[in-house]
Amino acid sequence: MTTASAPPETGSEQKVVHLRIDNGHALVTIDNPPVNAFAVSVRRGLMEALRAVHEAGCISAAIVCAGRTFVAGGDISEFAGPPPLPHLPDVLAAIEASPVPFIAVMHGTVLGGGLELALACAWRIADSRTSFGLPEVSLGLIPGAGGTQRLPRVIGLEPAARMAATGKPVNASAFKQMGGLDLVFDGDPMTALMAFRDTLPARPVNTSERPVTDADLTALKAEIARSAKGADAPMIALETTALAATLPFAEGAAIERQTHLDLRQSAQSRALRRLFFASRSVTRPARLKAIEPAPIAHVAIVGGGLMGAGIASACLASGHRVTLLERDIQSAEAGRDRVADIIAKDLASGRISADKAEARHARFCAGADYAAASDADIAIEAVFEDPEIKRAVFKQLADVMAETALIATNTSYLDPNRISEGMPGPERFLGLHFFSPANIMKLVEVVGTSVTSDRTMATAFAFARGLGKIPVETGVCDGFIGNRILSAYRRQADYMVADGASPYEVDAAMRGLGMPMGPYELQDLTGLQISWANRKRQRAAGTWPGRYVDIADQLCEMGRQGRGSPMKKGWYDHTGGKGEPDPEIEAMVAAWRAEHGTAQQAFSRDEIVLGIMAAIVNEASLILEEGIASSDTAIDIVWTEGYGFPKHLGGPMFWVEEAGMDRIREAFAKIDAQSPGSWKAAAALKA
């Protein structure tokens with residue numbers, strides 16, 4: 001047996017590729033934690049290992065990865081500049097052309113460059129729990145090392161185009177059925193490798209040399225065009241993949257590579273890469289990194305409505321024991337049924353197995369006795385947005401829980417200082433604002449009080465990360481980061497409707513920007529009564545800022561409180577199942593304008609978008625100036641993850657960098673003149 005390592009250490013570069021040769025069979029191990037990204041050191045190491053394999057005259061070579069996953073993609077930190085040598089396409093071409101055939105032995109996630117590496121190997125075997133994908137579109141890119149050209153030569157044009165254009169992974173069973181794997185195994189990878197190697201089939205034709213049967217991609221193109229919502233990369237990925245049916249591999253791969261490099265410089269890719277890094281940095285505030293979080297095993301949730309059931313389901317999915325508490329047994333049973341429905345849907349969709357569903361039920365209980373929370377490590381109240389009701393819940397929890405246990409409010413707007421005032425162990429109270437549906441939405445705003453300890457904050461961040469969430473720290477203000485900006489968004493939309501725009505024009509303009517729905521569609525979805533209650537609270541407290549448009553209040557008083565209300569009406573008429581513009585709303589708005597003598601302006605789509613974005617950017621800038629948010633990227637994460645702002649636009653703060661601050665200042669001046677005294681100008685927007 002001979003052993004070699006590659007590459008030689010250069011400077012501070014660590015050895016990340018190791019080679020072992022035993023009885024003529026080579027084992028190449030990539031060890032580049034945490035996810036074995038295809039950094040330049042890995043590429044150099046593979047080239048050096050390849051040379052050693054050739055010199056030794058090996059019979060076969062297998063590529064495996066240390067740690068929890070196979071290569072899970074490229075090194076995104078390299079994408080900002082020219083790619084250093086050796087380039088990944090050259091590494092993969094050398095592996096594919098090697099006289100020594102390579103076997104990819106895979107586990108975990110095989111993504112991007114990892115899948116491109118596997119496709120360059122002669123054979124592919126994988127653990128049954130492995131998933132495979134080309135997720136480059138999530139970064140505004142397409143594969144750049146032959147992925148769009150090799151994959152259709154292995155699994156066919158339509159499934160390859162779908163994987164490249166959607167970025168969605170497939171599991172090992174599905175990938176084998178497509179023709180992507182030679183073997184799916186359970187158990188020890190080395191045992192599986194040795195068994196496969198002992199009966200090695202004849203070497204197949206190199207992937208790049210295989211023909212591709214053309215396919216009709218018309219339906220897929222229409223599907224991708226609908227789902228992309230302004231993102232460029234999905235359609236480019238589909239069209240590039242389609243080249244495999246008409247061009248030789250070398251020509252298609254050259255076009256793919258150049259397109260990939262061009263897209264690296266695009267605004268959309270820069271926006272998405274910025275969000276990628278930001279979503280990791282905001283979840284680990286620097287001041288908390290050295291603090292060991294407390295363990296969380298048992299979670300108590302107070303409130304079994306849609307929000308409470310969603311939070312409970314998220315906790316169960318992450319392996320926690322969960323106790324759901326309600327005001328009475330009947331309400332607790334209703335909450336238990338909601339959680340059971342979520343588990344049943346996950347089971348029916350194939351997201352979880354029957355065993356996992358059963359395990360979740362086993363870790364869950366619901367009742368009305370707060371004593372069941374006595375040994376909980378954290379309790380989260382998700383009851384009505386009323387400070388006195390929330391205080392009463394906090395008091396009952398504090399009476400039964402240990403003083404070291406965390407107690408959190410899921411408030412959307414209220415001050416956690418007020419809710420927790422006078423409670424024992426004040427340093428363990430905080431806000432955890434989940435977004436609905438909480439079992440799906442990733443964002444959690446973490447709100448410390450004036451006395452919340454860093455240990456509490458570190459534990460809350462670790463807990464949220466463990467749920468698969470993206471926690472973002474926010475200071476205390478009305479609505480925190482997200483809903484405070486949302487209030488400004490809705491106010492400006494209302495001002496435009498008051499002055500001549502149709503609510504349906506406003507919705508269409510914001511959808512045109514890339515939002516999943518406009519502000520009035522969103523109100524119908526979430527219920528108009530929520531923002532109505534907040535407006536009444538602000539007006540009673542004398543904190544409503546300036547001009548007040550009460551059209552939405554009138555709708556609520558009429559019972560038009562959204563598609564989930566008994567009337568099934570809000571800004572739209574949902575009685576037919578699909579929300580339709582309602583002439584009654586148009587007439588009501590016209591009557592309101594006549595009564596209040598407002599101007600009958602015509603707003604273009606661009607004017608609507610710029611006016612609303614000026615309001616959003618101004619409020620976001622004020623939040624930064626006041627220290628409510630730690631960075632502009634934190635704001636962008638909140639609005640892309642919690643409110644559907646298009647990720648390919650990078651969030652409001654990145655968007656304004658691309659749009660130009662001068663345009664936004666001009667637009668802000670117009671909306672300020674439109675509604676005098678209603679806006680406090682941030683320093684960044686002052687002329």
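**Exercise 1. Two packed helices**

In this predicted model, describe how helix α1 (residues 40–56) and helix α2 (residues 88–97) pack: what is the angle between them, and how far apart are their axes?

*Solution.* Two quantities are needed, since a pair of packed helices is described by the angle between the axes and the distance between the axes. For α1 and α2 the angle is about 25°, and the axes lie 10 Å apart. Angles under 35 degrees count as roughly parallel, and therefore α1 is roughly parallel to α2. To complete the description, add the handedness, for α1 passes α2 in a left-handed crossing.

**Exercise 2. The length of a helix**

Work out what span helix α17 (residues 454–466) should have, and set it beside the distance between its end C-alpha atoms.

*Solution.* Begin with the 13 residues of α17, and take 1.5 Å a residue. The expected span uses one less than the number of residues, so for α17 the result is 18 Å, which agrees with the 18 Å that separates its end C-alpha atoms. Next, look along the helix for side chains that are hidden: the buried residues of α17 are Thr456, Met457, Ala458, Thr459, Ala460, Phe461, Phe463 and Ala464. Finally, step past the end of the helix, where Gly468, just after α17, takes a positive phi of about 80°.

**Exercise 3. Aromatic pairs**

How many aromatic pairs does the count come to, and how are the rings of Phe435 and Tyr643 arranged?

*Solution.* The count comes to 11 aromatic pairs. In one of them, Phe435 and Tyr643, the ring centres are 5.4 Å apart and the planes meet at 85°; planes over 60 degrees apart count as edge-to-face, and this pair is therefore edge-to-face. The next step is to locate the two residues: Phe435 is in the loop between β16 (429–434) and β17 (443–448), whereas Tyr643 is in the loop between α25 (632–642) and α26 (652–659), so that the pair links distant parts of the chain, 208 residues apart. Phe435 is buried, with a relative accessible area of 7%, and Tyr643 is buried too, at 13%. Together with Tyr489 and Trp639, Phe435 and Tyr643 form one aromatic cluster.

**Exercise 4. Rings and charges**

What is the arrangement of the rings of Trp544 and Tyr548, and which charged end sits over the ring of Tyr548?

*Solution.* The ring centres of Trp544 and Tyr548 are 5.1 Å apart and their planes stand at 75°, so the pair is edge-to-face. Both Trp544 and Tyr548 are buried. Over the ring of Tyr548 sits the charged end of Arg539, 3.8 Å from the ring centre. Elsewhere, Lys536 lies over the face of Trp532, at 3.8 Å from the ring centre.

How values were computed:
Residues numbered from 1 in each chain as written. Predicted model: local features only at pLDDT ≥ 70, side-chain atom pairs only at ≥ 80, totals over all residues. Heavy atoms only, no water. Phe/Tyr/Trp six-rings, centres within 6.5 Å; stacked < 30°, edge-to-face > 60°. Helix = DSSP H or I, 4+ residues; strand = E, 2+ residues; numbered from the N terminus. Buried < 20%, exposed > 50% of the residue type's maximum accessible area, 1.4 Å probe, protein only. Lys NZ or Arg CZ within 6 Å of the ring centre and 35° of its normal. Axes fitted to C-alpha atoms, helices over the stretch in contact; angles between N-to-C directions. Parallel < 35°, antiparallel > 145°, perpendicular 65-115°, else oblique. Left-handed = near helix turned anticlockwise from the far one by under 90°.
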